[in-house]
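Visitor: I should like to take a close look at a single part of this model. Please treat it in one connected account.

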Amino acid sequence: MTKVLQLIQRKAVQSGAPAIGTETVDLSLRLLEFLARSSEPIGVSDLAREFGSSKATVYRHLQTLAHHGFVHQEAATMRYAAGIKLFVLGERLRERFDVLPVARSEMVRLRDDKGYAVALSALVDEQVVILDLIQGHSIVNLGTQPGTVLDLHASAHGKVALAFGPEDLLRRCLSRPLKAWTPQTICTRAALERAVAQVKSRGWATAPNQVLQGINGLAAPVFNHTGSYVGAIAIAGTVQTIPGSPSAELVKAVTRAAAQISRNLGYSVK
């Protein structure tokens, strides 16, 4: 988001529009993030109350952001929403992950073969982020979407990252509190170390009832041409259809998809 704001400032100077001073950068960033996360447009008064700032200050920021397409003002209500430029920049950022175009066909094949929602993740700044998601054939769709951040200790994607990602990632994860999303979430050092060791040994991970009650994921790692972990592919569904000890058929389908993506990235699968 900082790079986005730098772009705003640079364009403002070039176009003659009022630039955003460094002392107010924080407010602009928070306004952008708040509008991007909001499900509906928001008025200046509500934004001013939310951020404890004057309406005049918030309005000036919004006008500068709107000038460059980062926010949009609705003509009928005069309220503000995130602009299309944030979407464009987000798509450009997604393109930086080489695994995305390579993985898409395998994700579709896995979804069509097994019917489950399929997600692709990567480790970004020590957080597991969903890069892409293909919803399953079930009438119930998952709330996960590209950009969703998953806890390392509580998700199948996260456990794969802890097992096959940077060597000190587990230590750094354990240095922070482990949030209990459900009664089944792994929240102790010993339990997480055991779980990660098991994932490393068998090559795949599950997380039944650990983020959401009744939901499980089955994930396997993806490697690049150097043998480095670049992400994970996973299926997700109910614990009735993907139990904590999934069938050999499901494990084979997910690990085979991960291996094929890895091969497409130049990894020599053993």
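With which residue does Arg109 form a salt bridge, and how far apart are the closest N and O atoms?

Guide: The model is a predicted one. In it, Arg109 forms a salt bridge with Glu106, and the closest N and O atoms are 2.3 Å apart. Both residues belong to helix H6, which covers residues 99-114. Arg109 and Glu106 are three residues apart in this helix, so about one helical turn separates them. Glu106 has a relative accessible area of 10%; because the limit for a buried residue is under 20%, Glu106 counts as buried. As a general principle, side chains of opposite charge can pair when their charged atoms come close.

A further salt bridge involves Asp112 and Arg111, whose side chains meet at 2.7 Å, N to O. The accessibility of the two partners can be set side by side: Asp112 is partly exposed at 46% relative accessibility, whereas Arg111 is buried at 17%. Elsewhere, salt bridges with shared partners join Glu126, Asp168, Arg171, Arg172 and Arg176 into one network.

Glu106 also has a place in the packing of H6 against another helix, H10. In general, two packed helices are described by the angle between their axes and the distance between the axes. For H6 and H10, which spans residues 248-264, the angle is about 160 degrees and the axes lie 9 Å apart. Since angles over 145 degrees count as roughly antiparallel, H6 and H10 are roughly antiparallel to each other. The crossing of H6 with H10 is right-handed.

On the H6 side, the contact is made by Val99, Val102, Ala103, Glu106, Leu110, Asp113 and Lys114. Their counterparts in H10 are Glu249, Leu250, Ala253, Val254, Arg256, Ala257, Gln260, Ile261 and Asn264. By class, the residues of this contact comprise nine nonpolar, two polar and five charged. Glu106 is thus a residue of the contact with H10 as well as the salt-bridge partner of Arg109.

For the wider setting, a search of the whole structure finds 13 salt bridges. One of them lies in helix H2, residues 25-37, where the side chains of Arg30 and Asp26 meet at 2.8 Å, N to O. Arg30 and Asp26 are four residues apart, about one turn of the helix. Both of these partners are partly exposed: Arg30 has a relative accessible area of 35%, and Asp26 has a relative accessibility of 46%.

Conventions: Residues numbered from 1 in each chain as written. Predicted model: local features only at pLDDT ≥ 70, side-chain atom pairs only at ≥ 80, totals over all residues. Heavy atoms only, no water. Salt bridge = Lys/Arg side-chain N within 4 Å of Asp/Glu carboxyl O. Helix = DSSP H or I, 4+ residues; strand = E, 2+ residues; numbered from the N terminus. Buried < 20%, exposed > 50% of the residue type's maximum accessible area, 1.4 Å probe, protein only. Axes fitted to C-alpha atoms, helices over the stretch in contact; angles between N-to-C directions. Parallel < 35°, antiparallel > 145°, perpendicular 65-115°, else oblique. Left-handed = near helix turned anticlockwise from the far one by under 90°. Contact = heavy atoms within 4.5 Å. Nonpolar A, V, L, I, M, F, W, Y, C, P; charged D, E, K, R; others polar.
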